[in-house]
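Reader: Please present the model, and then let us discuss it by question and answer.

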Amino acid sequence: VMLTYVYDTNAILVRPMRNRDKDTMLTTFKGIYKYLINRKLTPKLHVMDKKCSKLLSQYIEQANSTKIQFVEPHQHRVNAAERAIQTFKNHFVSGLCTVHSQFPLQLWCKLLPHTELTLNLLRKARVNNKLSAYALLEGGFNFDKTPLAPPGTKSLLYNDPKTRTSWAPHAKDAWFVRPAMKHYRCFR
């Protein structure tokens, strides 16, 4: 998992990574960076552990012309992301504790977007403490349009009569992973 802490918005962004390969880290970082640029949040300073890849630090310095400040590992007082990592871990583990007993735990990475969403809804933004971190990144959240449920909740998925046989069950077992943000009152 790659975690990014955006100081001004007080947002925590998480993305799954297939492995810790340098190219995978760079691709994941580029995705997060593009996400921030699309929201008019251009990073000016990156504070990172020294253990980050050289490829990633070269990309930041050359392609984005931003500054990098390295921090020794385990210096939690200096690196604000260290506290964000603990906050995310606590929130994610508490979400895992609520999943249904039959939820397949190999799908844990599917719960990351829901965890990020709920965590940033709960965090106040630094630049405007009347807004959530989510509101600064995405705008207001409409709970009527996209209702939330605990992660891993067991549910039934409706089988359309056009796609099922005449004596087949009308639904099959499923688990709530996250809301479908672009669909009205739908889930993934």
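Reader: Is N120 buried or exposed?

Author: This is a predicted model, in which local features need pLDDT of at least 70, side-chain atom pairs count only at pLDDT 80 or more, and totals for chains, interfaces and linings use all residues. Residues are numbered from 1 along each chain as its sequence is written, and side-chain values use heavy atoms, with hydrogens and water left out. N120 is found in helix α4 (residues 112-122); helices (H or I, at least four residues) and strands (E, at least two) are DSSP runs, numbered from the N terminus. Because its relative accessibility is 2%, and buried means under 20% relative accessible area, exposed over 50% and partly exposed in between (1.4 Å probe, protein chains only), N120 is buried.

Reader: Which residues does N120 touch, not counting residues up to four places away in sequence?

Author: Contact means heavy atoms within 4.5 Å. With residues up to four places away in sequence not counted, N120 touches N10, A11, I12, L13, S132, A133 and Y134.

Reader: How many residues does α1 give to the largest nonpolar core?

Author: A nonpolar core is a set of buried Ala, Val, Leu, Ile, Met, Phe, Trp, Tyr and Cys residues joined through side-chain atoms within 4.5 Å. The largest has 20 residues, and those with the most contacts inside it include F29, L36 and L56. β1 (2-6), β2 (11-15), α1, α2 (54-63) and α5 (133-138) each supply at least two residues of this core. The most come from α1, whose contribution is seven residues.
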